[in-house]
Amino acid sequence: MNPETLAPEWAWYFVAIYFFVGGTAAGAYFIGAMAELFGGAKLHELSRDAFFVALPFLLPTPIFLIADLGRPERFWHLFFSPKEGIPYINLQSPLSVGSWALLLFGLLCLLSFLDNLVADGRLRFAPFARFYNRIPRKTYAALGSVTGVFIAGYTGVLLNVTARPLWAATAPLLGPLFVASGASTGAAAIALLMLWRKRAAGEVFRRLEFFDRLALVTELLLIAAALVLAGRYAVPLVTGFWGFMFWGGTIVAGILVPLGLAWKGRHTEGGGMTTIMLPAVLILFGGALLRIALIQAGQV
Amino acid sequence: MAKGMFVDTTICTGCKACQVACKEWNGLAPEPKHFGQVTGKPYPVAVNFTGNSYDNTGALSATDWRHVRFIEQFDEKRTAGRWLFSSDSCKHCNDAGCLNACPTGAIIRTDLGNVVVQQDVCIGCKYCVPSCPFGVIAFSEKSGTARKCTLCNDRIHNGLGTACAKACPTGSISFGDVTALKKRADARLAQLRGLGMTGANIYGYTEAGGLNVFYLFADKPSVYGQPERPVVPQQRLPVSSAATVLALVGVGVAALASFRERGDREAEEVHHEP
């Protein structure tokens, strides 16, 4: 690996935040889709809250992505070749495939969101209600869960498929790592919404917490494996300012503390602020700091 | 027929005529890092000298498409030594990382084998920048697009050679058909080895699918700032994608374990039994 490769100098507040927000939306949608497809009537509340989380998280992402372009007014070149006059996709480029996937995922997120509004009776939209039945909603929940994981994962593949030492050396683990992280932050975002709607108790919530813990433990294992793979190229990530952010923010505050609180609180019934809100907020912060640290340390 | 350049660094004198010719022909502005306004001077001047031998740009950039590298090899007492020069540019790889990475089709390969960024198509996503294993292609804040050497696309499609090769006073940079240039490179390598330069080597026959701009070095490629084993980053795409598909399966299993209806159906069936 050549240390003289150039950094793209992506702005963390656009690209890293997109990786985080998009991953969280994808994780939330995935949980909602799985609850919808396999959870039965009992988990309907969970899937509805999940779809209500996914769309608002996804909405700002095109703004972040277009704002980081050198020529924002040309963003449509990603989908349509201005010279050939036909749609364009480059299957070798995660950025190209990811753009199309984001378009598709956005559409599915919107459908699921509207679908639940109509089902709740909060939105009266005759044509939508007329075509509303269980079969298509399961179809796009299934399609959306796969595109969702793609959205969470392709960002990691995108970094792995570059020549930057840290990003190249951690191949092929950044895709799985971002999927695990998206699952955990998605679950945390749903937990916060459930807490706000005063539904953060009972069996449904415990199942969500169980899933979140599985995701966090997997994330921790994948980070450990990625650090071993990276070897000396991990130095910018584990030392200095980014090291502080990575160890303190992601590992301790974002993973170990929430897991510890879950372990400590496993005997106490019901959910107080410390056992529900604090871990969820910490998990979200940890997920954001993981993306920022990885992107910035790879550009040093 | 692929066109390219053979850079025989052993006869380079470090005059930088190639750098000047490149700037002139392509109308490239000075690199802002090394040329700009200072207080007390009404006109822009050279600033931030690299301090490294006679190197004046330090690296390739969006406006420096050619860079002459100066390598001083001296012993401890500075009594014996040699001074190596090498004029570097885009290598126009046959398996080009930047072209593979481009999400808009802005980066193309022309009929002469050179890799060109179409300035009117590029959106400035910067993904090509970290995808070049040689650190060549760069983002220009001024144009908002990615920029690099075009192998003088306009000149070579009109029967001329590249500007740098035309300006080179020693013939260190030569332009032509890649196959003919390779014959010349092989002959020169044999000549140098015959003279006892055992360290001499050709860089670019196999790297990144073969480089249309290749080099004759007197020392290891890393001495000249080139990667010893450049990897086209897209080679990692199949394994990275497969790992992410595995993650999809894993997260699906975790979700099933968490959210699947448990025992409810059986309970219902028991309930309905007479």
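Student: In which loop of chain B is the place of B:C152?

Tutor: This is a predicted model, and in it we can locate the residue by the elements on either side. One of these elements is the strand β9 (145-147) and the other is the helix α4 (153-156). The place of B:C152 is therefore given, with the helix and strand runs taken from DSSP, as the loop between β9 (145-147) and α4 (153-156) of chain B.

Student: Does B:C152 count as buried or exposed?

Tutor: A residue is buried if 20 or more other C-beta atoms lie within 10 Å of its own. B:C152 has 25 C-beta neighbours inside 10 Å, so this residue counts as buried.

Student: What is phi of B:C152 near?

Tutor: Most residues other than glycine have a negative phi. B:C152 is a residue other than glycine, yet its phi is positive, with a value near 50°.

Student: Why does B:R78, in the loop between β4 (67-74) and β5 (81-88) of chain B, count as buried or exposed?

Tutor: B:R78 also has a positive phi, about 55°, although it is not a glycine. For the burial, a residue is exposed if 12 or fewer other C-beta atoms lie within 10 Å of its own. Because B:R78 has 8 C-beta neighbours inside 10 Å, the class of this residue is exposed.

Student: Which residues does the cis peptide bond in chain A join?

Tutor: Most peptide bonds are trans. In chain A, however, there is a cis bond with omega of about 0°, and its proline, A:P172, lies in the loop between α7 (165-169) and α8 (174-196) of chain A. The two residues joined by this bond are A:A171 and A:P172.

Student: What radius of gyration does chain B have, beside that of a compact globule?

Tutor: Chain B has 8 helices and 12 strands, and its C-alpha atoms fill a box of roughly 100 × 55 × 50 Å along the principal axes. A compact globule of 274 residues would have a radius of gyration near 19 Å, but the value for chain B is 26 Å.

Student: Which element gives the largest share of the side of chain B that touches chain A?

Tutor: In this pairing, 48 residues of chain B are in contact with 56 residues of chain A. The elements giving two or more residues to that side of chain B are α2 (97-101), α3 (128-131), β8 (138-140) and α7 (237-259). The largest share is 15 residues, and the element that gives them is α7(B).

Student: How many nonpolar residues does that side of chain B have?

Tutor: We can sort the residues of the side of chain B that touches chain A by class. There are 5 charged and 15 polar residues, and the number of nonpolar residues is 28.

Technical notes:
Residues numbered from 1 in each chain as written. Chains lettered and ligands numbered in written order. Predicted model: local features only at pLDDT ≥ 70, side-chain atom pairs only at ≥ 80, totals over all residues. Helix = DSSP H or I, 4+ residues; strand = E, 2+ residues; numbered from the N terminus. Rg over C-alpha atoms; globule rule 2.2 N^0.38 Å. Contact = placed C-beta atoms within 7 Å. Nonpolar A, V, L, I, M, F, W, Y, C, P; charged D, E, K, R; others polar.
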